[in-house]
Amino acid sequence: MNKLTITGRILFALPFAIFGLNHFFMESFFSGMLTTFIPGGGFTIIFTGVLLIVTSLLIIIRKFEREAAMTLAVMLGLFILTIHIPHLISPETINPEFAYKDVLIDSKVNMFVWINMLKDISLLGAAIFMLGVYTKQKS
């Protein structure tokens, strides 16, 4: 594996560990993002944080890369379907105490939601790409 591939793998995975740690330190921030139909509240946030940290580390240390990429792809798909799209369709699903509520004032379009959804779509594409790469390496 060349240095670019190693660097790319680490640069892809490392932010997920940081996102995961943020789920522990900023639980109230993330609870503001949850839509009303996501069960578990705080447990869901902490569990998601654990999954993000574990999958990040597995990709960095090159253990169970395929499973880690699959887990990230599923999680990102769920974030898009259960958080971002509902917030775009019904902005009232955003907790009014959410840190970025001022973005909603006098605006029909919440750019914060759009930016995060597009970021997650991009990361989903990268996770699927990695899944394809790791599947080819195993065969």
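**View 1. A nonpolar patch on the surface of the predicted model.** Six residues, L21, F24, F25, M26, V50 and V54, make a nonpolar surface patch of about 540 Å². The model is predicted. Helix 1 (3–25) and helix 3 (42–61) each bring at least two residues to the nonpolar patch. Helix 1 gives the most, with three residues. One patch member, F25, sits in helix 1. Is F25 buried or exposed? F25 has a relative accessible area of 67%, so it counts as exposed.

**View 2. Helix 3 from end to end.** Helix 3 has 20 residues. At 1.5 Å a residue, the helix should span 28 Å. Its end C-alpha atoms lie 29 Å apart, which agrees. Which residues of helix 3 are buried? They are T44, I45, T48, G49, L52, I53, T55, S56 and I59. An α-helix has 3.6 residues a turn, so residues three or four places apart point the same way. Just after helix 3 comes R62, whose phi is positive, near 60°.

**View 3. The largest nonpolar core.** This core has 28 residues. Which of them touch the most other members? They are F12, F16, I59, L72, L76 and M130. Five helices each supply at least two residues of the core: helix 1, helix 2 (27–31), helix 3, helix 4 and helix 5 (111–138). Helix 4 gives the most to this core, with nine residues. Now zoom in on F12. Leaving aside residues up to four places away in sequence, F12 touches I59, L72, L123, A126, A127 and M130.

**View 4. A69 and its contacts.** A69 is part of helix 4 (residues 65–89). Its relative accessible area is 0%, so A69 is buried. What does A69 touch, not counting residues up to four places away in sequence? Its contacts are I59, A127, M130 and L131. Take L131 as an example. A69 and L131 are 62 residues apart in sequence. In space, their C-alpha atoms are 5.4 Å apart. Look also for I59 and M130, which A69 touches and which F12 touches too.

**View 5. Two salt bridges.** How many salt bridges does the structure hold? There are two. Side chains of opposite charge can pair when their charged atoms come close. In one pair, the side chains of E65 and R62 meet, with 3.1 Å from N to O. E65 has 7% relative accessibility, so it counts as buried. R62 counts as partly exposed, at 31%. The other pair joins D120 to K119. Here the closest N and O atoms are 3.1 Å apart. D120 is buried because its relative accessible area is 5%. K119 is partly exposed, with 32% relative accessibility.

**View 6. Positive phi angles in the loop between helix 3 and helix 4****.** Most residues other than glycine have a negative phi. R62 is not a glycine, yet its phi is positive, at about 60°. R62 belongs to the loop between helix 3 and helix 4. F64 is placed in the loop between helix 3 and helix 4 as well. What is the phi of F64 near? The value is near 50°, which is positive in a residue other than glycine. The accessibility of the two residues is worth a look. R62 is partly exposed, with a relative accessible area of 31%. F64 has 56% relative accessibility, so F64 counts as exposed.

How values were computed
Residues numbered from 1 in each chain as written. Predicted model: local features only at pLDDT ≥ 70, side-chain atom pairs only at ≥ 80, totals over all residues. Heavy atoms only, no water. Patch = residues over 30% accessible without salt bridge, like charges linked within 9 Å, V, L, I, M, F, W, Y side chains within 5 Å. Areas by Shrake-Rupley, 256 points an atom, 1.4 Å probe, with all protein chains shown as cover. Salt bridge = Lys/Arg side-chain N within 4 Å of Asp/Glu carboxyl O. Helix = DSSP H or I, 4+ residues; strand = E, 2+ residues; numbered from the N terminus. Buried < 20%, exposed > 50% of the residue type's maximum accessible area, 1.4 Å probe, protein only. Contact = heavy atoms within 4.5 Å. Expected span 1.5 Å × (residues − 1). Core = buried A, V, L, I, M, F, W, Y, C linked by side-chain atoms within 4.5 Å.
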